[in-house]
Amino acid sequence: MIRIGHGVDVHKFSSDRPLILGGVRVADRWGLEGHSDADAVLHALVDALLGAVGAGDIGEYFPSSDERWRGAASSVFVTEALRLVSERGFAIANVDVTVVAETPKLGPHKAKIRSSVASMLGIDEVQVNIAATTTDGLGFTGRREGICALATVLVESASSGR
Ligand code: MG
């Protein structure tokens, strides 16, 4: 059996935080505001993982009202989502992430983010794609107010006899 999950996350810029995407420190300033490290890529990924196995959403497991997650590295959330995926008998087939940002230019960082996400998920880099795009100056990303990340995950039954 195969199943698909989708996740979206948005955070606004904050001048005094590092920018962390997919577990990679992309910039030292103009990071994202948020309760945890505000890694929009990993938050979208967590929702996609949970969605694929019908396990709800990130806020149910890691509410921003919980002080335990203040400043937390979002890789913790990915690890838990991955645990739920495998507990329900599924393994990741592939992951596709799109980051929508006018700034910074993510081209030079895509390979590192891909490698980071693959290693976090315990899968091969060929199973992970990281795309970066802009909205051509339109909307909140175009106005450089924040970043949007979208993730799609395909999982397959780990006990399919392969
Ligand atoms: Mg978030």
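This is a chat between a student and a tutor about a predicted model.

Student: Okay, let's begin with the sheet. Which strands form it, and in what order?

Tutor: Five strands form an open sheet, and the order is β4-β1-β7-β5-β6. The pairing is mixed.

Student: Which strands stand at the edges?

Tutor: Those are β4 and β6, the latter covering residues 128–133. Each has a single partner strand, so one side of each is left without a neighbour in the sheet.

Student: And what holds strands of a sheet together in general?

Tutor: Strands pair through backbone hydrogen bonds, and they do it either parallel or antiparallel.

Student: So how many bridges join β1 to β7 here?

Tutor: There are 11 bridges between strand β1, residues 2–14, and strand β7, residues 146–157. The two run antiparallel. If you want a spot to look at, find Val10, which stands opposite Cys148 in β7.

Student: Got it. What about β1 and β4, parallel or antiparallel?

Tutor: Antiparallel, over two bridges, with β4 made of residues 31–32. Look for Ser14, which has Gly31 of β4 opposite it.

Student: Now the other side of β7. How many bridges are there between β5 and β7?

Tutor: β5 pairs with β7 over 10 bridges, in the antiparallel sense. In β7, Glu156 is the bridge partner of Ala91. Cys148 in β7 also stands opposite Val100.

Student: Wait, which residue did you say stands opposite Cys148 on the β1 side?

Tutor: That was Val10. On the β5 side, look at Val100.

Student: And how do β5 and β6 run, parallel or antiparallel?

Tutor: Parallel, joined by six bridges. Val95 stands opposite Val128 in β6.

Student: Which helix packs on the sheet?

Tutor: Helix α4 does, and it touches β5 and β6. The direction of α4 makes about 145° with that of β6.

Student: Switching to helices. How do α1 and α4 cross?

Tutor: Helix α1 is residues 40–52 and helix α4 is residues 110–121; their axes come within 13 Å and cross at roughly 40°. That angle makes α1 oblique to α4. The crossing is right-handed.

Student: Which residues make that contact?

Tutor: From α1 you have Leu42, Leu45 and Leu49, and from α4 you have Val117, Met120 and Leu121. By class, the contact of α1 with α4 has six nonpolar residues, no polar and no charged.

Student: How about α1 and α3, what angle do they cross at?

Tutor: Roughly 10°, with the axes of α1 and helix α3, residues 75–87, coming within 9 Å. That makes α1 roughly parallel to α3.

Student: Who's touching whom there?

Tutor: On the α1 side, the contact is made by Leu42, His43, Leu45, Val46, Leu49 and Leu50. The α3 side brings Ser75, Phe77, Val78, Ala81, Leu82, Leu84 and Val85. Sorted by class, the contact of α1 with α3 comes out as 11 nonpolar, two polar and no charged residues.

Student: Okay, new topic: the metal. What coordinates the magnesium ion?

Tutor: The magnesium ion is coordinated by Asp9 through OD, His11 through NE2 and His43 through ND1, at 2.2 to 2.3 Å. Along the sequence, the donor residues are spaced D-x1-H-x31-H.

Student: Where do Asp9 and His43 sit?

Tutor: Asp9 is in strand β1 and His43 is in helix α1. They're 34 residues apart, and the pair links distant parts of the chain.

Student: Any odd backbone spots? Which residues does the cis peptide bond join?

Tutor: Thr103 and Pro104, with omega about -5°. Pro104 is found in the loop between β5, residues 90–100, and α4.

Student: And what is phi of Trp30?

Tutor: Near 55°, which is a positive value in a residue other than glycine. You'll find Trp30 in the loop between β3, residues 24–27, and β4.

How values were computed. Residues are numbered from 1 along each chain as its sequence is written. This is a predicted model: local features need pLDDT of at least 70, side-chain atom pairs count only at pLDDT 80 or more; totals for chains, interfaces and linings use all residues. Side-chain values use heavy atoms; hydrogens and water are left out. Axes are lines fitted to C-alpha atoms, for helices over the stretch in contact, and angles run from 0 to 180 degrees between N-to-C directions. Helices (H or I, at least four residues) and strands (E, at least two) are DSSP runs, numbered from the N terminus. Angles under 35 degrees count as roughly parallel, over 145 as roughly antiparallel, 65 to 115 as roughly perpendicular and the rest as oblique. A crossing is left-handed if the near helix is turned anticlockwise from the far one by less than a right angle, and right-handed if clockwise. Contact means heavy atoms within 4.5 Å. Ala, Val, Leu, Ile, Met, Phe, Trp, Tyr, Cys and Pro count as nonpolar, Asp, Glu, Lys and Arg as charged, and the others, Gly among them, as polar. Two strands pair if DSSP finds at least two bridges between them. Donors are N, O and S atoms within 2.8 Å of the metal (3.2 Å for Na, K and Ca); water is not among the atoms, so sites may look incomplete.
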